Amino acid sequence: MTVDMFRDEMQHAQLFGKPVLATNWLIPRETVPDGWYCYDMRGTGSDPGAHAALVDYTSYDHSGTVLSPKPLKRPATKARRIGKGDYLLHGETMDLETFCEEYGLDVPDNPIKFEMRPASPDEAGLFYALPPGKDEELAAIGHLRIDLGRDGDEFWHTWWPQGPEGLNTPEFKDELGQVVDQLRRGVLKDFSTMLRLCHLNGGEIAGGIAAQNYGFVLETERYRYCLRCNPVRGDYQAYLTCFDLRQQELNQAQKQRPEQDSGLVLGGMG
């Protein structure tokens with residue numbers, strides 16, 4: 001389970017003598033604004049719930065997550081031991097805005113502009129090549145094919161047009177750039193991040209050949225973006241298919257409109 005650091009209350013705490021917000025759940029790292037720091041606390045094999053070490057991420061013995069306006073360990077340090085008395089709870093909860101007011105900090109802006117959700121199983125068809133005629137009917141614009149590189153920390157991409165060229169407008173291109181920038185903060189940051197977020201957030205869709213594929217949907221006022229993640233090294237790891245929702249509605253309305261008689265209308269004889 002995850003928390004929204006901009007909306008949800010968390011525990012007011014102190015770690016290594018610095019004020020922090022803490023939660024038992026996970027904080028999506030892509031939501032952490034620049035200049036703030038987020039870490040996982042890890043337990044031990046004999047006591048998984050203990051706060052024994054501070055790490056960047058942990059996939060086992062997760063005992064909590066902390067958000068801090070100051071760094072709590074050096075970037076090169078893989079784990080910092082949490083000793084007795086290093087972690088203290090103040091016995092109250094507060095949201096981020098209240099925390100900032102308490103310590104005279106500016107409230108950071110949310111770096112996430114677009115909401116993303118896991119795909120449902122019945123949406124799987126939108127993430128793969130569409131049957132003939134469906135590209136135009138669903139107002140598909142095209143898709144990005146993405147490769148994260150041999151080490152998983154690169155970003156190579158190719159654009160493939162699908163539907164009518166007229167849908168590939170400057171407005172769309174500008175928004176697509178913003179969407180891709182946001183995805184590169186999170187699920188497309190690197191291969192390890194993709195693998196972790198797919199396993200945490202679900203969105204399993206049928207159709208993967210070499211591995212389980214995962215789908216995520218991001219919708220704006222005008223467009224729908226369907227991201228398919230294929231977490232396999234040595235293959236293309238992601239495909240981002242884009243649809244024009246407004247044109248899709250127009251196509252649907254045209255399809256439902258009764259056929260008009262295109263023949264001559266004969267008037268009565270008088």
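Is F172 buried or exposed? F172 has a relative accessibility of 0%, so F172 counts as buried (buried means under 20% relative accessible area, exposed over 50%, partly exposed in between, with a 1.4 Å probe and protein chains only).

The model is predicted: local features need pLDDT of at least 70, side-chain atom pairs count only at pLDDT 80 or more, and totals for chains, interfaces and linings use all residues. Residues are numbered from 1 along each chain as its sequence is written, and side-chain values use heavy atoms, with hydrogens and water left out.

**Exercise 1. Describe the aromatic pair of W159 and F172.**

Step 1. A pair of aromatic rings is described by the distance of the centres and the angle of the planes. Rings of Phe, Tyr and Trp (its six-membered ring) pair if their centres lie within 6.5 Å; planes under 30 degrees apart count as stacked, over 60 as edge-to-face and the rest as tilted.

Step 2. The structure has 7 aromatic pairs. In the pair of W159 and F172, the centres are 5.9 Å apart and the planes make an angle of 50°, which is a tilted arrangement.

Step 3. W159 belongs to strand β10 (residues 156-161) and F172 to helix α3 (residues 170-183), so the pair ties together parts 13 residues apart in sequence. Helices (H or I, at least four residues) and strands (E, at least two) are DSSP runs, numbered from the N terminus.

Step 4. W159, at 26% relative accessibility, is partly exposed. One aromatic cluster is formed by W159, F172, Y223 and Y225.

**Exercise 2. Find which side of α3 holds its buried residues.**

Step 1. Helix α3 has 14 residues and reaches 20 Å from its first C-alpha to its last, close to the 20 Å expected at 1.5 Å a residue. The expected span is 1.5 Å times one less than the number of residues.

Step 2. In α3, the buried residues are F172, E175, L176, V179, V180, Q182 and L183. They cover an arc of only 155° around the axis, so they lie on the same side of α3. The arc is that of the directions from the helix axis to the C-beta atoms.

Step 3. The exposed residues P170, K173, D174 and D181 are on the face of α3 turned away from its buried side. The cover over the buried residues of α3 includes β10, β12 (213-219) and β13 (223-229), where contact means heavy atoms within 4.5 Å.

**Exercise 3. State which parts of the chain the salt bridge of D34 and R185 ties together.**

Step 1. A salt bridge is a side-chain nitrogen of Lys or Arg within 4 Å of a carboxyl oxygen of Asp or Glu. The structure holds 10 salt bridges.

Step 2. Between D34 and R185, the closest N and O atoms are 3.6 Å apart. D34 lies in the loop between β2 (18-23) and β3 (37-42), and R185 in the loop between α3 and α4 (191-201), so the pair ties together parts that are 151 residues apart in sequence.

Step 3. D34 is exposed at 68% relative accessibility, whereas R185 is partly exposed at 26%.

**Exercise 4. Describe the salt bridge of D244 and R222.**

Step 1. The closest N and O atoms of D244 and R222 are 2.9 Å apart. D244 is in strand β14 and R222 in the loop between β12 and β13, 22 residues apart.

Step 2. D244 and R222 are both buried.
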